There are 2 protein chains.
Amino acid sequence: MNELVSQASERLRSQGGRMTSQRRLLLSILDSLGEHPTAEELLLIARKQDPDLNLSTVYRTLRWLEAENLVSTRLFAEGRRQERFDAALPSEHHHFICTRCKNVIEFDTDLLDEIKTQFQDSSGASVDTGSIELYGLCPDCRQRSIVQETGMEVG
Amino acid sequence: MNELVSQASERLRSQGGRMTSQRRLLLSILDSLGEHPTAEELLLIARKQDPDLNLSTVYRTLRWLEAENLVSTRLFAEGRRQERFDAALPSEHHHFICTRCKNVIEFDTDLLDEIKTQFQDSSGASVDTGSIELYGLCPDCRQRSIVQETGMEVG
DNA sequence: ATAATTATTGCAAATGATTTGCAATAAGGG
DNA sequence: CCCTTATTGCAAATCATTTGCAATAATTAT
Ligand SMILES: [Mn+2]
Ligand SMILES: [Mn+2]
Ligand SMILES: [Zn+2]
Ligand SMILES: [Zn+2]
C-alpha cells in the first residue's frame, strides 16, 4: 500500500470517512504518477481500471485531498484556466514552465526563505508559504530555437 | 491623457485598430486604479460613466492589452478561479496574498534573478520571466489573530 | 462635409471547467 | 448479515469567459 493511500486511510478513519475503491484507485495513481494531471487526465488514466468512474468523483476526491493538504492545486498559465493537481507530498518545490511545449520542470531553492524573511521584515506580515513560477524555454525547445535561428548547435 | 491610453493609441494606430470611447474609459480606469480588478469589477466601475458598457467588451479589451503586454493576468489562489488584471506596466513585481482577508500586497526583490540564474545553470533551460506568490497573514490580520489568541498586543 | 469601409460593440447563445442535488449503492461497525 | 449513512454516478446547474452576428461608429477616401 503506497504512502498516499495509507495517509488518506488514516485521516478518513479519524473523521468517519470511508475508503472506497474509487478513492484507492485515484490515490494510487496520484502517488505513482510523476506529473501534474488535470482532473480529466486523471479520470482517463483511472478509467483503464474502473471504466465507470465518474468525473465528479475525481473532483470530490481531489478537493478532499486539497483540504487535507495532501495535494496542492496549481494554475500554470498555459492559456487554459484548468487546474492541475500536484501530489508531491508537502515538500515545498517550485515550477518552471516551458512557454513553447508547456512542459513543467520542478526545482528547488533555498533562496525563497530569504525572500520570505525580507518581505516579512519590511512589511510586518507573516508569511507561511510561497511559490515560484519561472517561464522560458526548456532545454529541448531552447536548443531547437537556437538551431532554427542560427543553424548552429549549442554547447 | 494618461500613460496607458497613449501607449494603447499608438499601438492601435500602427495596427489599423480604433480608439473607441469604451477602450478609452477602460484604459483610464486601469491606469489610475491601484488594484487588481476582475473583469466584473472593472465593468462595475466603468458603468458609472458608461452604463451600456458590456462585459464582453471588457474582456475583449483586456485580452488585447494582454497580447500587447500592457496588462498581466493573474490567478491568485483565492478559492475562485477568476482572473485578475494587473495594469502595472511591465515592471516585474510580486504578490503577497493574505489568506484571511485576501488582500494583496505587492513587493519587489532582487533575489529572483539569482534564482533564475541558479535554475538556468543547473537545468540548461533559458528563463525569461518569473513570479513569486507568498501567502500568509497581512499585518492587520496577523495583529488580530495574535490579539485573539493571546489577548496581547504585538510590538 | 458626406459617403464608403470595416473595426468594434452589445447582445444572446455557446463553451469549458467545476460544482451540486438526489436517488441508488456500498463501506464498515455492531 | 443487517443497518446506518458516507459516497457514488448521473444530470442539471453554476461560474467565468468566449464567440457569432447584426447594428453601430471610427477612420479614410471622395
Ligand atoms: Mn510539482
Ligand atoms: Mn500587481
Ligand atoms: Zn519546451
Ligand atoms: Zn489580511
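Colleague: Which residues are buried in α4(A)?

Modeller: This is a predicted model. Helix α4 of chain A covers residues 55-67. Buried here means under 20% relative accessible area. In α4(A), the buried residues are Val58(A), Thr61(A), Leu62(A), Trp64(A) and Leu65(A).

Colleague: What arc around the axis do the buried residues of α4(A) cover?

Modeller: Val58(A), Thr61(A), Leu62(A), Trp64(A) and Leu65(A) are buried. They lie on the same side of α4(A) because of the arc they cover around the axis. On the other side, Arg60(A) and Ala67(A) are exposed. The arc of the buried residues is only 160°.

Colleague: How many Å does helix α4 of chain A reach from its first C-alpha to its last?

Modeller: The helix has 13 residues, and at 1.5 Å a residue the span expected is 18 Å. The span in the model is close to that, at 18 Å.

Colleague: Which residues coordinate the manganese ion (ligand 2)?

Modeller: The donor residues are spaced H-x49-D-x6-H-x1-H-x10-E in sequence. Their distances to the ion are 2.0 to 2.2 Å. The coordinating residues are His36(B), Asp86(B), His93(B), His95(B) and Glu106(B).

Colleague: How many residues apart in sequence are the parts that Asp86(B) and Glu106(B) tie together?

Modeller: Asp86(B) lies in strand β2 (residues 84-86) of chain B, and Glu106(B) lies in strand β4 (residues 104-107) of chain B. Both residues coordinate the manganese ion (ligand 2). The pair therefore ties together parts of the chain whose separation in sequence is 20 residues.

Colleague: Is Asp86(B) buried or exposed?

Modeller: Glu106(B), with a relative accessible area of 40%, is partly exposed. Asp86(B) has 2% relative accessibility, so Asp86(B) counts as buried.

Definitions and conventions
Residues are numbered from 1 along each chain as its sequence is written. Chains are lettered from A and ligands numbered from 1 in the order in which they are written. This is a predicted model: local features need pLDDT of at least 70, side-chain atom pairs count only at pLDDT 80 or more; totals for chains, interfaces and linings use all residues. Side-chain values use heavy atoms; hydrogens and water are left out. Donors are N, O and S atoms within 2.8 Å of the metal (3.2 Å for Na, K and Ca); water is not among the atoms, so sites may look incomplete. Helices (H or I, at least four residues) and strands (E, at least two) are DSSP runs, numbered from the N terminus. Buried means under 20% relative accessible area, exposed over 50%, partly exposed in between (1.4 Å probe, protein chains only). The expected span of a helix is 1.5 Å times one less than its number of residues. The arc is that of the directions from the helix axis to the C-beta atoms.
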